[in-house]
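The exercises below are meant to be worked with the sequence and the structure side by side. Please try each task before reading its solution.

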Amino acid sequence: MTDFRAIRIDKDDGGARAAYVEMREAELMEGDVDLDVAFSAINYKDGLAVTGKAPVVRRFPMIPGIDLAGRVTRSAHADFAPGDLVVATGCGVGEAHFGGFAQKARLSGDWLVKLPPALTPARAMAIGTAGVTAMFCLLALERHGLTPRDGDAVVTGASGGVGSFAVALLARAGWRIAAVTGHPAEADYLKRLGAADILARDEFSAPGRLLQTQRFAAGVDTVGGATLVNILAQTRFDGAIAACGNVAGMEFAGSVAPFILRGVSLLGVESVRPRMALRRAAWARLAQDLDGDAIDAMSEIVSFDQALERARAIVTDKIRGRVVIDLG
Ligand code: NDP
């Protein structure tokens, strides 16, 4: 039995609290693949889990961390063998099954994807759920038949994890991008990722007219609330917005006007459930489209000791791009 370090959320009558603990392998949950976790990453959802600001965790105790990458040490799953480098994103990891904020994990092999050779575990975690979700958004827009020739694309929450990847991936696919941000100081960062225009978050955060000037052919919205309503109202005939986030709220107080008067589509994007064919396609395209420098420009690596504090900070809007955790 080997001891390992983890961040664990325990709940008692006083509420739920996250703290660093030492654990034994025998305490891990069921699974047919064991891993040495090399890197994890901090998502908005992990911030909600460690602060308890939203009911993300579905059983206690829980090791948070919805993303992890590492090396297989034991496998009873046909697709994996000891030594394989693998990545897991979503699938209930860090919510219902012990997640990536730990040096060891035991998971179902059905949730794992082999790391594409072009990616290191650290870069895979810089991508993580955020990058996969941004890629799901791009693939949804492409399935809808949209191309950069149709007009500009808008990305909201642009300096966040999903937003940064959406800007970089859409730019790589040839789109001219308007990046919506509440952090004007991040304008240079967003331009380096490929944004052409920088738009202020406030311009979109108050309720507006049902139909507004048509500006965008496509979009990725990580914000929800009035922002999503406004960008739909500014979407051109037959355009589409891929909606994946809710940092400004779950509510959607919109009108049907863009849908029925301009043929605009709202494409829902969900990255948690294990749809392996789509996941593998997304990882292959991410490895092909993003070079190492682009990934590094969107991410920083922190030690495990810094992880809990940084995970708490994400819910107060204090993180740029992706924060990768080195479990070594
Ligand atoms: P981040 O915290 O990294 O990014 C969110 C960004 O949104 C911030 O950086 C900020 O960017 C902007 N923002 C923050 N607060 C507000 C606010 N009150 N109003 C408007 N904009 C705000 O989070 P992630 O990128 O990890 O996640 C983004 C969203 O996507 C979350 O809601 C998350 O739950 C969701 N998500 C959904 C997934 C799915 O499967 N559907 C998967 C992954 C994430 P800026 O300053 O540039 O505006």
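**Exercise 1: two partners of one helix**

In this predicted model, α2 packs with helix α8 (residues 276-289) at an angle of about 100 degrees, and their axes are 9 Å apart. Decide how α2 and α8 are oriented to each other, and then treat the packing of α2 and α3 in the same way.

Solution. Step one is to place the angle in its class: since 65 to 115 degrees counts as roughly perpendicular, α2 and α8 are therefore roughly perpendicular to each other.

Step two is to find the residues that meet, which are Ile-127, Gly-131, Val-132, Met-135, Phe-136 and Leu-139 in α2, and Arg-279, Ala-282, Arg-285 and Leu-286 in α8. Sorted by class, the contact of α2 with α8 comprises seven nonpolar residues, one polar and two charged.

Step three turns to α2 (121-143) and α3 (161-172), whose axes lie 8 Å apart at an angle of about 50 degrees, and these two helices are therefore oblique to each other. Their crossing is right-handed. On the α2 side the contact is made by Ala-130, Gly-131, Thr-133, Ala-134, Met-135, Cys-137 and Leu-138, while α3 contributes Gly-161, Val-162, Phe-165, Ala-166, Leu-169 and Leu-170. This contact of α2 with α3 has 10 nonpolar and three polar residues, with no charged residues.

**Exercise 2: the helix pair α1 and α10**

Work out how α1 and α10 are oriented to each other, and list the residues that make their contact.

Solution. Begin with the axes of α1 and helix α10 (residues 304-314), which come within 7 Å and cross at roughly 105 degrees; α1 and α10 are therefore roughly perpendicular to each other. Next, read off the contact, to which α1 gives Tyr-44, Asp-46, Gly-47, Val-50 and Thr-51, and α10 gives Leu-308, Ala-311, Arg-312 and Ile-314. Finally, divide these residues of the contact of α1 with α10 by class, which yields five nonpolar, two polar and two charged.

**Exercise 3: domains and the ligand shell**

Which domains does the domain assignment give, and which residues come nearest to the ligand?

Solution. First, the assignment gives domain 1 (3-115 + 298-326) and domain 2 (129-268), with C-alpha centres that lie 29 Å apart. The contact between them takes 10 residues from domain 1 and 12 residues from domain 2, and the side of domain 1 that touches domain 2 has three nonpolar, four polar and three charged residues.

Second, turn to the ligand, around which there are 31 residues, with Gly-157, Ser-159, Gly-160, Thr-181 and Gly-245 coming nearest. Domain 1 and domain 2 each supply at least three residues of this shell, and α1 (44-51), α2 and α3 each supply at least two. By class, the shell has 12 nonpolar, 15 polar and four charged residues.

**Exercise 4: backbone details in two loops**

Where do Pro-61 and Cys-91 lie, and what is the omega of the cis peptide bond at Pro-61?

Solution. Pro-61 lies in the loop between α1 and β4 (67-75), and the cis peptide bond that joins Phe-60 to Pro-61 has an omega of about -5 degrees. Cys-91, in turn, lies in the loop between β5 (85-89) and β6 (104-107), and has a phi near 65 degrees, a positive value in a residue other than glycine.

Technical notes:
Residues are numbered from 1 along each chain as its sequence is written. This is a predicted model: local features need pLDDT of at least 70, side-chain atom pairs count only at pLDDT 80 or more; totals for chains, interfaces and linings use all residues. A residue is near a molecule or strand if its C-beta atom, placed from the backbone, lies within 6 Å of it. Helices (H or I, at least four residues) and strands (E, at least two) are DSSP runs, numbered from the N terminus. Ala, Val, Leu, Ile, Met, Phe, Trp, Tyr, Cys and Pro count as nonpolar, Asp, Glu, Lys and Arg as charged, and the others, Gly among them, as polar. Domain bounds come from an automatic or database domain assignment. Axes are lines fitted to C-alpha atoms, for helices over the stretch in contact, and angles run from 0 to 180 degrees between N-to-C directions. Angles under 35 degrees count as roughly parallel, over 145 as roughly antiparallel, 65 to 115 as roughly perpendicular and the rest as oblique. A crossing is left-handed if the near helix is turned anticlockwise from the far one by less than a right angle, and right-handed if clockwise. Two residues are in contact if their C-beta atoms, placed from the backbone, lie within 7 Å.
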